[in-house]
Amino acid sequence: MEHTGTQRERDVTFLKRQAKLVRIEILKMLTLAGSGHTGGSLSAADIVTALYFSKMRHRPDNPGWRERDRFILSKGHAAPLLYAVLAMSGYFDISILKTLRRLGSPLQGHPCSRVLPGVEISTGSLGQGLSVSNGMAIGMKMDNLNARVYCLLGDGEIQEGQVWEAAMTAAHYKLDNLCAIVDINGLQIDGPVSQVKTIEPVSSKWRAFGWNVIEINGHNMEEILDALDGAETIKGKPSVILAYTIKGKGVSFFEGKVEYHGVAPTQKELEKALKELEANE
Amino acid sequence: MSKVQSAAVKREAIATRDAYGEALLELGKKRQDIVVLDADLSGSTKTGKFAKAFPDRFYNIGIAEQDMICTAAGLALSGKLPFASTFAIFETGRAWEQIRQTICYSNLNVKLVATHGGVTVGEDGASHQATEDIALMRVLPNMTIIVPADAHETRQVINAIADYHGPVYVRLGRSKVPAVMPDDYEFKIGRAYTFHKGRDANIVAIGIMVSTALEASKILSQEGIDAGVINMSTVKPLDTETLLDVAKTCKLIVTAEEHSIIGGLGGAVSEFLSENHPTCLRRIGLKNVFGCSGTSEELLKLYGLTADDIVRTIKEALKQ
């Protein structure tokens with residue numbers, strides 16, 4: 001669909017606002033839970049907001065709708081981000097976000113498809129989501145469905161060998177209904193990805209595996225939308241969006257800090273963070 | 001016993017993997033939702049037959065078992081009925097965590113049908129002989145485990161699991177096995193088949209060891225020992241009703257499997273009986289060792305998996 005300049009501008013303004021609200025929900029639920037992955041949820045917030053509130057065709061009142069676009073959170077530790085967009089889309093009541101990581105909650109520490117509508121597949125063990133996405137994309141092609149599969153990976157995650165097995169499979173079977181997105185925030189638990197084990201040259205790796213590669217600033221809403229639209233026009237091969245992001249994006253004192261990979265904000269930090277987000281219009 | 005012998009005479013020995021290849025092909029004709037995946041071993045697992053007939057529903061994922069398992073998961077999520085096959089050790093060992101995290105945790109309708117279980121893989125040696133696969137699958141919630149005894153049972157198993165919703169692991173063999181199941185046998189998930197109930201002992205066996213157990217039972221009967229034989233083809237969920245029934249009416253239970261004595265059929269039977277009806281029990285299987293190269297016959301002898309080994313074990317245990 002062609003967007004007129006003004007329509008696109010309106011979309012971008014709306015999505016920027018939504019992304020801010022998503023970040024607020026993430027921070028609030030993490031603080032209440034007292035544990036969870038802050039940095040990687042915030043780094044991918046703009047991308048996932050663009051998917052759920054603009055790009056993807058989905059029906060929150062009918063999560064099993066056959067023709068829906070699928071989103072696979074391969075970096076399952078960004079569960080708070082997925083929960084925020086699902087709740088805000090209307091898959092479940094937003095008050096459930098308060099139960100994150102509690103006993104009996106459908107909001108497990110990592111997403112569980114058996115207990116939460118809208119979660120396509122349980123993830124948390126890294127490196128498996130792209131293969132699952134391939135299987136879905138193959139199945140959808142067999143059924144001549146026009147829908148697309150989006151798979152979000154972390155940059156540390158692509159150290160998993162299975163990702164490259166899957167990358168080979170997607171190119172071999174020409175899965176052009178698949179779009180992978182790598183959230184390149186540059187940090188993993190033990191430190192900078194470049195120091196733990198470098199993934200560079202990352203774009204030529206994907207290219208060598210037969211993928212169409214798009215590189216963007218993962219916090220620029222115009223670039224995100226252009227990349228998602230651009231990927232859809234590429235036929236005969238899968239696309240990957242390499243989204244360069246900042247871990248902890250949106251809260252200055254979390255940004256680029258490896259310490260906040262798997263730590264929740266304190267009440268004090270939350271208050272400070274919310275003030276900062278509100279001020280940043 | 002006479003029923004068994006007549007069945008064996010009528011039908012030739014066929015490897016369960018060959019029966020799988022045929023059954024899958026037949027199933028593919030009937031059901032459009034069947035999709036088959038393999039990891040570069042379709043000639044050996046016999047999925048190649050399906051691949052030839054239905055190239056549009058066959059996906060070779062190459063030598064990438066972890067990717068194959070998760071791709072099968074994605075196909076199941078798209079409403080397909082995927083059968084994913086490779087050798088048992090690679091299917092359950094290489095991709096164990098994928099089976100745990102993506103298939104069993106989400107209770108997906110994926111059928112894992114592996115061939116080359118046990119030491120009768122033969123000359124390829126320990127690297128290719130799965131002797132831990134049943135143990136690896138048994139610990140997974142939602143998993144059903146089936147080890148057919150012959151070609152006749154294999155065909156029925158493949159049809160039965162297609163109609164069952166949920167993850168299933170089927171373990172098949174490379175070598176030919178004698179036909180043991182009667183013509184009128186009807187496989188049902190979770191139901192053991194009792195050839196006959198023994199007063200002295202009962203041998204609970206799976207896979208190729210069912211025919212070995214029948215042979216042992218025959219030898220023992222000539223010596224005045226009544227040893228019954230039960231085909232416990234569904235290892236999980238275990239048919240505890242049948243097991244309890246025979247345990248209550250005999251002195252000894254012997255498990256027989258082409259697998260480690262740890263964690264497989266022997267483990268399952270021991271766990272159940274020790275809690276519910278403590279019974280004198282012996283386990284026939286690999287005793288905490290790896291396999292090695294050799295012919296099937298040589299290896300079965302080396303690891304104590306022959307009828308004579310069962311006979312000796314039963315006689316010694318009954319003496320005590």
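How many helices and strands are there in chain A? Chain A has ten helices and seven strands. Its partner, chain B, has 14 helices and 14 strands. Keep in mind that what you are looking at is a predicted model.

**How sure is the predictor?**

For the complex, the predictor gives an ipTM of 0.95 and a pTM of 0.96. In chain B the average pLDDT is 96, and 97% of the residues score at least 70. The exception to keep an eye on is residues 1-9 of chain B, where the pLDDT is below 50. That stretch has 15 contacts in the model beyond near neighbours in sequence.

**The two chains in outline**

Let's start with overall dimensions. The C-alpha atoms of chain A fill a box of roughly 50 × 45 × 45 Å along the principal axes. For chain B, the C-alpha trace spans about 60 × 40 × 35 Å along its principal axes.

What radius of gyration would a compact globule of 281 residues have? It would be near 19 Å, and chain A has 18 Å, which agrees. Chain B passes the same kind of check: a compact globule of 320 residues would come out near 20 Å, and chain B has 19 Å.

Inside chain A, 50% of the 281 residues are buried. In chain B, buried residues make up 59% of the 320. As for how the chains fold back on themselves, take the contacts in chain A between residues at least 6 apart in sequence: 77% of these join residues at least 24 apart. In chain B, residues 24 or more positions apart account for 80% of the contacts with a separation of 6 or more.

**Where the chains meet**

In this complex, 20 residues of chain A are in contact with 22 residues of chain B. On chain A's side, α5 (129-142) and α6 (161-172) each supply at least two of the touching residues. The largest share, nine residues, comes from α5(A). By type, the chain A residues that touch chain B split into six nonpolar, eleven polar and three charged.

**Two helices of chain B**

Helix α14 of chain B covers residues 307-319. At 1.5 Å a residue, its 13 residues should span 18 Å, and the end C-alpha atoms are indeed 18 Å apart. Which residues of α14(B) are buried? They are B:Ala307, B:Ile310, B:Thr313 and B:Ile314. Seen down the helix axis, the buried residues of α14(B) fall within an arc of 125°, so they line one face. An α-helix has 3.6 residues a turn, so residues three or four places apart point the same way. On the other side of α14(B), B:Glu316 and B:Lys319 are exposed.

The cover over the buried residues of α14(B) includes strands β10 (201-205), β11 (227-231), β13 (252-260) and β14 (280-286) of chain B, along with helix α10 (209-222).

That brings us to α10(B). Its 14 residues should span 20 Å at 1.5 Å a residue, and its end C-alpha atoms are 20 Å apart, which agrees. Buried residues in α10(B) include B:Met209, B:Ala213, B:Ala216 and B:Leu220. Just after this helix, B:Gly224 takes a positive phi of about 85°.

**Backbone oddities**

A few spots have backbone angles to look at in the viewer. Here they are with their loops:

| Site | Angle | Loop |
|---|---|---|
| A:Glu200 to A:Pro201, cis | omega near -5° | A:Pro201: between α7 (193-197) and α8 (202-208) of chain A |
| B:Lys236 to B:Pro237, cis | omega about 0° | B:Pro237: between β12 (234-236) and α11 (240-248) of chain B |
| A:Lys174 | positive phi of about 50° | between α6 and β3 (178-184) of chain A |
| B:His116 | positive phi near 65° | between β5 (111-114) and α8 (133-138) of chain B |

Neither A:Lys174 nor B:His116 is a glycine. Is B:His116 buried or exposed? B:His116 is buried, because 27 other C-beta atoms lie within 10 Å. A:Lys174 counts as partly exposed, with 15 C-beta neighbours inside 10 Å.

**The tail of chain A**

A:Asn280 sits in the segment after α10 (267-279) of chain A. A:Asn280 is exposed, with 12 other C-beta atoms within 10 Å. Its C-alpha atom is separated by 28 Å from that of A:Ile189, and these two residues are 91 residues apart along the chain.

Notes
Residues numbered from 1 in each chain as written. Chains lettered and ligands numbered in written order. Predicted model: local features only at pLDDT ≥ 70, side-chain atom pairs only at ≥ 80, totals over all residues. pLDDT = per-residue confidence, 0-100. Contact = placed C-beta atoms within 7 Å. Helix = DSSP H or I, 4+ residues; strand = E, 2+ residues; numbered from the N terminus. Expected span 1.5 Å × (residues − 1). Buried ≥ 20, exposed ≤ 12 C-beta atoms within 10 Å, placed from the backbone. Arc of directions from axis to C-beta. Nonpolar A, V, L, I, M, F, W, Y, C, P; charged D, E, K, R; others polar. Rg over C-alpha atoms; globule rule 2.2 N^0.38 Å.
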